[in-house]
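Student: I would like a close look at one part of this model, namely the salt bridges and the parts of the chain that they join. Please set that part in the context of the whole fold before going into detail.

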Amino acid sequence: MSKTLVEMTAEIIQSQISGSNMNTDEIKAALHHTYQTLKELQEAEAVGGGIEEKEAVPSVDPKRSIRKNEIVCLECGQAFKMLTKHLKSHNMTAREYRKKYGFTSRQSLCAKALSDERSAASKERGIHPNLRKSIAERAGKSKKNK
């Protein structure tokens, strides 16, 4: 006997929850989205046609996708520490991803904790001598131009 759509949806979301931390709203949204997708697939199979490609709706609000210990890919819903290498699987560049979801061009595509860790390590190392020299040269040129 085959499983109902509700049973399949519950199994899929259960396995997704076991692999990532999701709050109640995210679980509800994932349940709804998964159920609707399964229903569309079932209807397409019954008709014998393919499913139409629709504009993908992210499972998480883009503003809430960058979290302390993870960043959620708005294309597939998976969570990572850093997103830039993963975007290749979606045939996207970081620039295209930022533009599509309304992030600024300077927005880091990694978890906040990782970004803070890198920033602290960079500050601890100090400014590289070549960079310090370049900054001094630029400051000297701007004073001469005035």
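Student: How many helices and how many strands are there in the protein chain, and which side chains meet in salt bridges, with Arg-67 as the residue to follow?

Tutor: The model is a predicted one, and its protein chain holds five helices and two strands, which follow one another along the sequence in the pattern α-α-β-β-α-α-α. Of the 146 residues in the chain, 21% count as buried, and that figure is a useful background for the charged residues you ask about.

The count of salt bridges comes to four. One of them pairs Arg-67 with Glu-26, whose side chains meet at 2.0 Å, N to O. Because Arg-67 lies in the loop between α2 and β1 (71-72) while Glu-26 belongs to helix α2, this pair ties together parts that are 41 residues apart in sequence. Arg-67 and Glu-26 are both buried. Arg-67 also forms a salt bridge with Glu-70, and here the closest N and O atoms are 2.8 Å apart. Glu-70, like Arg-67, is buried. Through these shared partners, Glu-26, Arg-67 and Glu-70 are joined into one network of salt bridges.

Another of the salt bridges brings together the side chains of Glu-11 and Lys-3, at 2.6 Å from N to O. Its setting can be read from the accessible areas: Glu-11 is partly exposed, with a relative accessible area of 40%, and Lys-3 is likewise partly exposed, at 44%. As a general point, side chains of opposite charge can pair when their charged atoms come close.

Helix α2 leads on to a second feature, the second largest pocket, because α1 (5-19) and α2 (24-47) each supply at least two residues of its lining. This pocket holds about 190 Å³ of space and is lined by 17 residues, among which Gln-16, Ser-20, Met-22, Val-72 and Gly-77 lie nearest its centre.

The cysteines deserve a careful reading as well, since the structure holds zero disulfides. Cys-73 is in no disulfide, although the sulfur of Cys-76, the nearest cysteine sulfur, is 3.7 Å away. Seen from the other side, the sulfur of Cys-76 has its closest cysteine sulfur in Cys-73, at 3.7 Å, which is too far for a bond, given that a disulfide requires two cysteine sulfur atoms within 2.5 Å. The two residues can also be described by their accessibility: Cys-73 counts as buried at 0% relative accessibility, whereas Cys-76 is partly exposed, with a relative accessible area of 35%.

Further along the chain, Asn-91 is found in the loop between β2 (79-80) and α3 (94-101). Its phi is near 55°, a positive value in a residue other than glycine, and Asn-91 is exposed, with a relative accessible area of 71%.

Finally, to set a nonpolar part of the surface beside the charged pairs, Ile-127, Leu-131 and Ile-135 form a nonpolar patch there, with about 250 Å² of accessible area together. Leu-131 has its place in helix α5 (residues 129-145) and is partly exposed, with a relative accessible area of 42%. To return to your request, the network to follow in the structure is the one that joins Glu-26, Arg-67 and Glu-70.

Methods. Residues are numbered from 1 along each chain as its sequence is written. This is a predicted model: local features need pLDDT of at least 70, side-chain atom pairs count only at pLDDT 80 or more; totals for chains, interfaces and linings use all residues. Side-chain values use heavy atoms; hydrogens and water are left out. Patches are made of residues with over 30% relative accessible area and no salt bridge: like charges are joined within 9 Å, nonpolar side chains (Val, Leu, Ile, Met, Phe, Trp, Tyr) within 5 Å. Accessible areas come from the Shrake-Rupley method with a 1.4 Å probe; for residues, only the protein chains shown count as cover. Helices (H or I, at least four residues) and strands (E, at least two) are DSSP runs, numbered from the N terminus. Buried means under 20% relative accessible area, exposed over 50%, partly exposed in between (1.4 Å probe, protein chains only). On a 1 Å grid over the protein atoms alone, a cavity is a set of points where a 1.4 Å probe fits but cannot get out, and a pocket is an open set with protein on both sides within 12 Å along at least five of seven lines; lining residues have an atom within 4 Å of a point. Grid points are joined across faces, edges and corners, and a volume is the space filled by probe spheres set on the points.
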